[in-house]
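Here is a short note for a colleague opening this structure for the first time. The points below are numbered for easy reference.

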Amino acid sequence: MIKSTIDTPLAIAWYDDTQLIVHSKYDKYLLLDSDNNTYSELTTPDKLTELKPSIVSMASNLHSLYIATDTEVFSINLATMQGVELVLQMKPSHYISRLNAKNDKLAVTFLTANNQNSIELYTKKSAE
C-alpha cells in the first residue's frame with residue numbers, strides 16, 4: 001500500500017483505472033497516479049476555482065467529473081477538464097453530503113430537515 005504525499009486532500013474522484021483527481025486544500029486540482037504516488041497539477045477552468053471553497057463531494061464516471069457544493073451539482077468533461085455546467089439544484093433545505101456516479105447514473109446523498117439521510121438517483125436522459 002502506498003500512502004499519498006498530497007497535503008490535505010479534501011475530495012477525490014477517479015479519473016481512470018489508476019489515476020485520481022484530488023481537490024486539495026491549496027487552490028489546486030491534482031492528478032494523482034495511484035501506482036507510483038506521483039501527481040501533477042490539472043489545468044481547470046476559473047469556474048472550478050470559484051467553487052473550490054464550497055465543494056463537499058466529487059464523483060466521476062467515464063465521461064464526467066461531478067462536483068457538489070452544499071446545494072448544487074456541477075459537471076465537467078473528464079477528457080478535457082473544460083465546460084463546467086450546473087446539472088442539479090437541490091430544493092431549499094436539502095444539503096448534499098455525498099455523490100456517486102456510475103455509467104449514466106448519479107446518486108446524490110443529502111440531508112434534509114425532515115429526513116436525516118436521503119438518496120436520490122438521477123439518470124441522464126437520451127436525446128430523442
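**Notes on the structure**

1. **Salt bridge.** Asp104 and Lys105 join their side chains in a salt bridge, with an N to O distance of 3.6 Å. The model is a predicted one. A search of the whole structure turns up one salt bridge. Both partners have some surface. Asp104 counts as partly exposed because its relative accessibility is 35%, between the 20% and 50% limits. Lys105 is partly exposed too, at 37%. As a general point, side chains of opposite charge can pair when their charged atoms come close.

2. **Overall fold.** The protein chain holds one helix and 11 strands. Along the sequence, the order is β-β-β-β-α-β-β-β-β-β-β-β. The chain has 128 residues, and 41% of them are buried. Its exposed area is about 8200 Å², with 49% supplied by carbon and sulfur atoms. Take the contacts between residues at least 6 apart in sequence: 30% of these join residues at least 24 apart.

3. **The first strands.** β1 and β2 are antiparallel and share five bridges. A hairpin of four residues links β1 to β2. Across this pair, Ala11 sits opposite His23 of β2. On to the next pair: β2 and β3 also run antiparallel, joined by six bridges. Here Leu20 faces Leu32 in β3.

4. **Strand β2 itself.** Is β2 mostly covered or mostly open? It is mostly covered: six of its six residues, 19–24, are buried. Gln19, Ile21 and His23 point one way from β2. Leu20, Val22 and Ser24 point the other way. Both sets are buried.

5. **Largest nonpolar core.** This core has 16 residues. Which of them touch the most other members? They are Ile21, Tyr29, Met58, Leu65 and Met81. The elements giving two or more residues to this core are β1 (9–14), β3 (28–33), α1 (46–51), β6 (64–68) and β7 (72–77). Another core lies apart from it, with 12 residues, among them Tyr66, Leu88, Leu99 and Ala101. In general, nonpolar side chains tend to be buried together in soluble globular proteins.

6. **Tyr29 and its contacts.** Tyr29 is worth a separate look. Leave out residues up to four places away in sequence. Tyr29 then touches Ile21, Val22 and His23, and also Ser40, Glu41, Leu42 and Thr44. Its other contacts are Leu48, Lys52, Ile55 and Met58.

7. **Ser75.** This residue lies in strand β7. Is Ser75 buried or exposed? Ser75 counts as buried because its relative accessibility is 10%, and the cut-off is under 20%. Setting aside neighbours within four places in sequence, Ser75 contacts Ser64, Leu65 and Tyr66. Ser75 also contacts Gly83, Val84, Glu85 and Val87.

8. **The three-stranded sheet.** An open sheet runs in the order β9-β10-β11, with antiparallel pairing. Its edge strands are β9 (94–102) and β11 (118–123), and each of these pairs on one side only. Neighbouring strands of the sheet are turned by 25° against each other on average, direction ignored. β9 and β10 (residues 105–112) are antiparallel, joined by eight bridges. Within this pair, Ile96 stands across from Phe110 in β10.

Conventions: Residues are numbered from 1 along each chain as its sequence is written. This is a predicted model: local features need pLDDT of at least 70, side-chain atom pairs count only at pLDDT 80 or more; totals for chains, interfaces and linings use all residues. Side-chain values use heavy atoms; hydrogens and water are left out. A salt bridge is a side-chain nitrogen of Lys or Arg within 4 Å of a carboxyl oxygen of Asp or Glu. Buried means under 20% relative accessible area, exposed over 50%, partly exposed in between (1.4 Å probe, protein chains only). Contact means heavy atoms within 4.5 Å. Accessible areas come from the Shrake-Rupley method with a 1.4 Å probe; for residues, only the protein chains shown count as cover. A nonpolar core is a set of buried Ala, Val, Leu, Ile, Met, Phe, Trp, Tyr and Cys residues joined through side-chain atoms within 4.5 Å. Two strands pair if DSSP finds at least two bridges between them. Axes are lines fitted to C-alpha atoms, for helices over the stretch in contact, and angles run from 0 to 180 degrees between N-to-C directions.
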